[in-house]
Protein chains: 4
Amino acid sequence: MSTIRVAIAGATGYAGEELLRLLLGHPHVQLTCLAASAKWDRPVPVSEALPRFSRRIDLPLEALNSARLRERSDVVFLALPHGQAASLAPELIRAGRRVIDLSGDFRLRDPASYPLWYRFEHPQPDWLNDAGLVYGLTEFHREALPAARLVANPGCYATSILLGCLPLFEQGLAGEGALIVDAKSGLTGAGRKADTTLLFSEMAENLRPYKVNQHQHTPEVLQEIRSVSRREASMVIVPQVIPAARGLISMIYVRTSAPATAVADAYGRRYSAERAPFVRVRHGSLPQLRDVVGTNYCDVGLVYDEGQHCLIIGSALDNLVKGAAGQAVQNFNLMHGLPETLGLG
Amino acid sequence: MSTIRVAIAGATGYAGEELLRLLLGHPHVQLTCLAASAKWDRPVPVSEALPRFSRRIDLPLEALNSARLRERSDVVFLALPHGQAASLAPELIRAGRRVIDLSGDFRLRDPASYPLWYRFEHPQPDWLNDAGLVYGLTEFHREALPAARLVANPGCYATSILLGCLPLFEQGLAGEGALIVDAKSGLTGAGRKADTTLLFSEMAENLRPYKVNQHQHTPEVLQEIRSVSRREASMVIVPQVIPAARGLISMIYVRTSAPATAVADAYGRRYSAERAPFVRVRHGSLPQLRDVVGTNYCDVGLVYDEGQHCLIIGSALDNLVKGAAGQAVQNFNLMHGLPETLGLG
Amino acid sequence: MSTIRVAIAGATGYAGEELLRLLLGHPHVQLTCLAASAKWDRPVPVSEALPRFSRRIDLPLEALNSARLRERSDVVFLALPHGQAASLAPELIRAGRRVIDLSGDFRLRDPASYPLWYRFEHPQPDWLNDAGLVYGLTEFHREALPAARLVANPGCYATSILLGCLPLFEQGLAGEGALIVDAKSGLTGAGRKADTTLLFSEMAENLRPYKVNQHQHTPEVLQEIRSVSRREASMVIVPQVIPAARGLISMIYVRTSAPATAVADAYGRRYSAERAPFVRVRHGSLPQLRDVVGTNYCDVGLVYDEGQHCLIIGSALDNLVKGAAGQAVQNFNLMHGLPETLGLG
Amino acid sequence: MSTIRVAIAGATGYAGEELLRLLLGHPHVQLTCLAASAKWDRPVPVSEALPRFSRRIDLPLEALNSARLRERSDVVFLALPHGQAASLAPELIRAGRRVIDLSGDFRLRDPASYPLWYRFEHPQPDWLNDAGLVYGLTEFHREALPAARLVANPGCYATSILLGCLPLFEQGLAGEGALIVDAKSGLTGAGRKADTTLLFSEMAENLRPYKVNQHQHTPEVLQEIRSVSRREASMVIVPQVIPAARGLISMIYVRTSAPATAVADAYGRRYSAERAPFVRVRHGSLPQLRDVVGTNYCDVGLVYDEGQHCLIIGSALDNLVKGAAGQAVQNFNLMHGLPETLGLG
């Protein structure tokens, strides 16, 4: 296989940096353009903008420019703030490029959801139901990826929650009532923002709930459950930041009366090593963050309290890898017929 | 009021140290004996055993000795590993001392619970239902404290959960089904133990669930709910350690169809500034750890998702203060007719 | 003694909050005004601006206003960004108030130093040598404090370095050559600033040197050494931030050939429990941060490598307490003839 | 090139785990044996002993057994506590295996140093001066590695200090007087030990100096400086642990009067991208830890205070990568004529 020319837009954000790290080690990728959203008037050497990549890459960082991205690349990863990909991605695709978008701009099918959850009017609503658009939760959309022109890479909370509970919905084993999701994330999930609530001095020895029942990943979770199970679902969600830079773990409490064997089957079938190399399931205990940080794995643990008709699901991943850049590379591999795990070892 | 002679047994553990810190600033306390469980053959200067208290106290640390505690003190705080107070406390009380026990040894009424939850046979089962024994959840047992000979100071998880949900049970507003408790604690909750799972290197950038549905504070929570509400309750609990030294926050998910005003009334009545100076209630948002660490406050936040019939309660406290030493001092004050907040400012 | 009316200007910064915490527990202080530098158009309840002080104080936070400070207080603590006290303090003093300033605005005697180290032209240069101005390094200026109108509270690095090495200079025991100071600070030292380099995600698992040989506390250190020893000194300084919120420790490497007993005498004399209740000296080992965090102590440890003619001094304190608010309260006590340790226990 | 069969002894320690992570991604390595020092009576699945490597490797962990290591491997990495390799390595080498030892057991040439610095009598003193033994500071011993039978991989502090200052000694630019080294390390440097001083609760918000002037890496630093510069050197060293899991940074203060250009030349020559791909030099500023954590880079920054005749050198690396496992793999590559950077990208 020949080399694929790849550009990253938004290379100085946390997800962008992680993409850079992973793609530098990918055997079929040639990085050709690193763009940042800042309005730089000259290319900035990587040793200045991202000193940790000094000596590892020769490309400078350049201001974001659609024409430049089109000219230099076959595939563009967009790791930009919400709202920027909505216009940029269609432009790139019309020029024949394939796009993997890490923002929320193409995750929701219903244009009316954007003002509600993301506070912008979607400029390209037709694209939300385009035939070439795939919601990139790899384990559930693997077959659609080879033909994808645009991949909407799932949110970090959404990936954790969906990988945790979809097998249950898929097999019709989830009972009535809302899912209860108590989710904890490291602070890179909030991005590299000059915001005093994200300071080390504020978050050391702290845990802070935020956007209770209002997190923007909610609609993509419900949309995907609906799509897989053909039923409506609802969710109570309490997102929290903890004093860690990376990692995200969702504790999901599901009401069910399904037999324990049926539950085990549902997960065993979906997440065998062959079908889902990056999802590791355990029964009887819940995972810790440490085992997934820095990797593309999602560790799912199941503790079934049959007396209370409550299944407790713990779903842990690295928000910047399986929750962002790693899953994007996994999707990139499948789009190009490459082994799913390439560059993710 | 004259001075009260006070001993601390277990002064080198985290709760013991915190007791020492608080009692040093208490205007009616004269510290007369600091005992540690270790088998020291000579008194150890505080500057050696606890250098942070150097110059602040003249007492040495001595080996634990029942006669010495009896002779030198009016009140003894026991901050010992589970199982040690069970025999020691009755001995001290028979000699006329009053005891505040921070372990679990006198929290449960049913002797049969001890082998099950604490893995020891209780040596003094009669004391578990003694008339002079008070379960020291201050806000709910204030009236009984002046006559108490023995206070069983509640567990840190139990304090957080009970202060969070008891008003609801008290007013009969909790619906059917198990309480779901997702609780996160700092690592001092595990004590100063030479255990590799508690190392900085293991817990930095980590979150680790443990004792899922098996935490030893479970029975005291259920016993107290039963006592207050005259009904049986059940609970699903996922305790977790986070990369913080101090602080504990429980997210409690309760099924209810009560009107929002009834919920507000239940908490407003219980936790007015006069009736409960250390419980601060807020509506519409959940508390963060940082606002309670280092203080004796318990911050309770309520978010009511009426559509889902789910009340989300966040209950945050410092596990070593309101969850241990601070609540013990609060109980001490009420036992002696002193203002509740003395030494806790 | 009657109560003293006290105002805090800059109450929402880290040092201001710490002042608030300490002064709330001070038996002779009546807090009468909390001002913040922000341009608020209405008073903001403390429960909103500083939720951790909710129920502990009734005063609202108000916009900074010189007339209001003058009217309501006898003493004003200024905890404002550098440059603001320079004009405000003289105004307050002329109206008969006494001022304790925690910024650098009155620490340097030479007006020419301000443009160089603080990047502003001092608007009131005469005040820098006013008879009523005292450099508030308590242990060395105790006698001057009762008559002080204006106290320039030392910088956190300066306090740590000076308490660490002044006894040596005082006794003429320091050898030739520059002091080498390798200093590490927690991140509250940088203030509550919306700056991406201070984010949790940037500082977790990090250590970052900054302002090498250019830190603004340098001139006050050299000025004070000169004043005590009547000789010029020079210093190489590498300030560093570490992944901690609080605490500051300076390792000071001094060339000396003095006999070990002379060194011990110099420190023993200066820092006896009577003369310096808040400085604790140890010989043969260096202090750790943890023993001073949350206290007003400065722990000084001395390791003398006589073979290399090098004295290693470790000097640890809490940057917000002994390095800021605590030392300010210590100075306040001495200004008013109160016991030095009042409110600092 | 064919595949090399590799064993790791001590795979459950922090350095062993890091070796495992790196070697799993090495294209010419076939892992054939994972041994741990614990006395296990049966092989333990990796998913149990090291859950983060679950699904990534099929080998179980086995008890340490010299015959097994000999039979299954061509090269053995020893990541064992000090004292164990001293007998084991010669045994393996006599059987024709090549050994890379990460402990201190073969770093010192003088057998008399072992009782003094490591507290054991070396059982195989002849091997300390064996012709096949190479001190594995890669950048200075590259030429000797192809013929090496036994590599003594340098200590983490030693690597940081030596890479920081050797060019200066090599060119005769260091002045008289002791090197002053103020070094800070993350806690994995202390190993996975059940020791209460390493607990999260003890180290959060802490910094703790230890082994002042007594660290066991001291003699290897002085031996190497002597070997490179043909002169005696001396060192004052203050090792410190900081609240981080990984990373080590040494601030080195050297007295010199060399011209700035000579200093720049010394480093430029040694550490060009061709000669030293993993050492990145900068002038005028000091490095931060974050840029090297998780990589095999050593970042060296130089700030020259010519007025004080003091060169400040900051030398930062990841103690588990360039300070242990990464440098070991780098040496492995050179021993086998492979590109130096293989598996280290």
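In this predicted model, a good place to start is A35(C), which touches A7(C), A9(C), A11(C), E62(C), A63(C), L64(C), N65(C) and L69(C), leaving aside residues up to four places away in sequence. As for where it sits, A35(C) belongs to strand β2 of chain C, the stretch covering residues 29–36. A35(C) counts as buried because 26 C-beta neighbours lie inside 10 Å, and the cut-off for that label is 20 or more. Another residue to look at alongside it is G16(C): 19 residues separate G16(C) and A35(C) along the chain, while their C-alpha atoms are 9.6 Å apart.

Zooming out, the next thing to look at is how the copies relate. A turn of 180 degrees, with a shift of 0.0 Å along the axis, lays chain C on chain B with an RMSD of 0.0 Å. That is just what a two-fold axis does, so the pair is related in that way. Both copies also use the same surface, as 100% of the contact residues of chain C recur in chain B.

Then there is the contact between chains A and B, to which chain A gives 35 residues and chain B gives 35 residues. On the chain A side, at least two residues come from each of the strands β8 (179–185), β9 (208–209), β10 (235–241), β11 (248–255), β13 (298–305) and β14 (310–317). Sorted by class, this side of chain A holds 20 nonpolar residues, along with 7 polar and 8 charged ones.

Notes: Residues numbered from 1 in each chain as written. Chains lettered and ligands numbered in written order. Predicted model: local features only at pLDDT ≥ 70, side-chain atom pairs only at ≥ 80, totals over all residues. Least-squares fit on C-alpha atoms with pLDDT ≥ 70 in both. Contact = placed C-beta atoms within 7 Å. Helix = DSSP H or I, 4+ residues; strand = E, 2+ residues; numbered from the N terminus. Buried ≥ 20, exposed ≤ 12 C-beta atoms within 10 Å, placed from the backbone. Nonpolar A, V, L, I, M, F, W, Y, C, P; charged D, E, K, R; others polar.
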